[in-house]
Amino acid sequence: MSKLEMLLKDWTWPVAATVISALMIAIAHAFEQFGGLPPCPLCLRQREVYWALIAMTLTGLAIWKIWPKLRFLVALNVLIGLVFGVGAVVAAYHAGVEWKIFPPPAGCAAAAIIDPFAVRDLSQSFHVADCTAAPFYILGLSMAGWNGVVSLVLSAASFFAAAATVRR
């Protein structure tokens with residue numbers, strides 16, 4: 001049995017998907033904290049997908065521990081694939097906004113970045129990071145673009161894990 005088959009077998013893929021999701025959130029926070037790149041609303045929306053996946057998968061694994069049915073594990077892997085698919089769509093939309101293909105949502109244009117911890121007057125308006133300007137590109141893709149690629153790969157892996165579980 002290959003290492004890939006071992007990863008896609010039984011409970012190992014949901015655990016790996018949870019760890020990868022936590023790692024993606026950690027990377028995003030590292031760019032924010034250490035790279036000085038504040039997130040725009042669409043960046044935060046991409047993180048929400050990973051948070052939702054972590055909560056859903058941990059809940060699913062807890063239920064699977066109580067009710068260890070093969071069909072449930074297949075369904076969990078399919079749901080993980082669907083959530084990663086949603087993440088790919090959100091990331092593709094964000095990349096499209098950066099490339100000026102799609103219009104940005106309301107409140108996504110930036111002026112000045114304000115540290116929310118330095119604000120003394122809560123009636124003061126806050127400015128957010130600009131959704132339309134990628135801070136940098138790697139091999140022609142922004143961070144949102146790479147997030148979309150990663151989400152697509154993870155979605156496909158989740159569906160392969162569901163198929164591998166069915167074959168078991």
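## Helices, salt bridges and the largest pocket

Helix α2 has 22 residues, and its first and last C-alpha atoms lie 31 Å apart, close to the 32 Å expected at 1.5 Å a residue. The model that gives these values is a predicted one. Along α2, the buried residues include Trp-13, Pro-14, Ala-16 and Ala-17. Thr-18, Ser-21, Met-24 and Ile-25, also in α2, are buried too.

The chain as a whole has five helices and zero strands. Read from the N terminus, the order of elements is therefore α-α-α-α-α. Of its 168 residues, 36% count as buried.

Helix α4, residues 70–98, can be checked in the way used for α2. Its 29 residues should span 42 Å at 1.5 Å a residue, and the C-alpha atoms at its ends are 42 Å apart, so the two values agree.

### Salt bridges

The structure contains two salt bridges. One of them joins Glu-32 to Arg-47, with the closest N and O atoms 3.0 Å apart. Glu-32 belongs to helix α2 (residues 12–33) and Arg-47 to helix α3 (residues 41–66), so this pair ties together parts that are 15 residues apart in sequence. Glu-32 counts as partly exposed because its relative accessibility is 24%. Arg-47 has a relative accessible area of 10%, so this residue is buried.

Arg-45 and Glu-48 also form a salt bridge, and here the closest N and O atoms are 2.5 Å apart. Both residues lie in helix α3, and because they are three residues apart, about one helical turn separates them. Arg-45 is partly exposed, at 44% relative accessibility, and Glu-48 is partly exposed as well, at 41%.

The accessibility of the four salt-bridge residues is set out below.

| Residue | Relative accessibility | Class |
|---|---|---|
| Glu-32 | 24% | partly exposed |
| Arg-47 | 10% | buried |
| Arg-45 | 44% | partly exposed |
| Glu-48 | 41% | partly exposed |

### Cysteines

A search of the whole structure finds zero disulfides. Cys-43 takes part in none, and the nearest cysteine sulfur, that of Cys-40, is 3.4 Å away. A disulfide needs the two sulfur atoms within 2.5 Å, so a pair at 3.4 Å does not qualify. As to solvent contact, Cys-40 counts as buried because its relative accessibility is 2%. Cys-43 has a relative accessibility of 22% and so counts as partly exposed.

### The largest pocket

The largest pocket has a volume of about 600 Å³. It is lined by 30 residues, and those closest to its centre are Ala-28, Phe-31, Cys-43, Met-143 and Ala-144. Helices α2, α3, α4 and α5 (143–167) are the elements that give two or more residues to this lining. By type, the lining of the largest pocket divides into 22 nonpolar, four polar and four charged residues. Cys-43, one of the residues closest to the pocket centre, is the cysteine whose nearest cysteine sulfur is that of Cys-40.

### The loop between α4 and α5, and a residue in α5

Most residues other than glycine have a negative phi. Two residues in the loop between α4 and α5 are described here for their positive phi. Lys-100 lies in that loop, just after α4, and takes a positive phi of about 65 degrees although it is not a glycine. At 59% relative accessibility, Lys-100 counts as exposed.

Leu-139 is also placed in the loop between α4 and α5. Its phi is near 55 degrees, again a positive value in a residue other than glycine. Leu-139 has a relative accessibility of 77% and therefore counts as exposed.

Beyond the loop, Leu-152 has its place in helix α5. Leu-152 counts as exposed because its relative accessibility is 55%. The C-alpha atoms of Leu-152 and Val-86 are separated by 9.2 Å, while the two residues are 66 residues apart along the chain.

Note on methods. Residues numbered from 1 in each chain as written. Predicted model: local features only at pLDDT ≥ 70, side-chain atom pairs only at ≥ 80, totals over all residues. Heavy atoms only, no water. Buried < 20%, exposed > 50% of the residue type's maximum accessible area, 1.4 Å probe, protein only. Helix = DSSP H or I, 4+ residues; strand = E, 2+ residues; numbered from the N terminus. Expected span 1.5 Å × (residues − 1). Salt bridge = Lys/Arg side-chain N within 4 Å of Asp/Glu carboxyl O. 1 Å grid on protein atoms, 1.4 Å probe; cavity = no way out; pocket = protein on both sides within 12 Å on 5 of 7 lines; lining within 4 Å. Points joined across faces, edges and corners; volume = space filled by probe spheres on them. Nonpolar A, V, L, I, M, F, W, Y, C, P; charged D, E, K, R; others polar.
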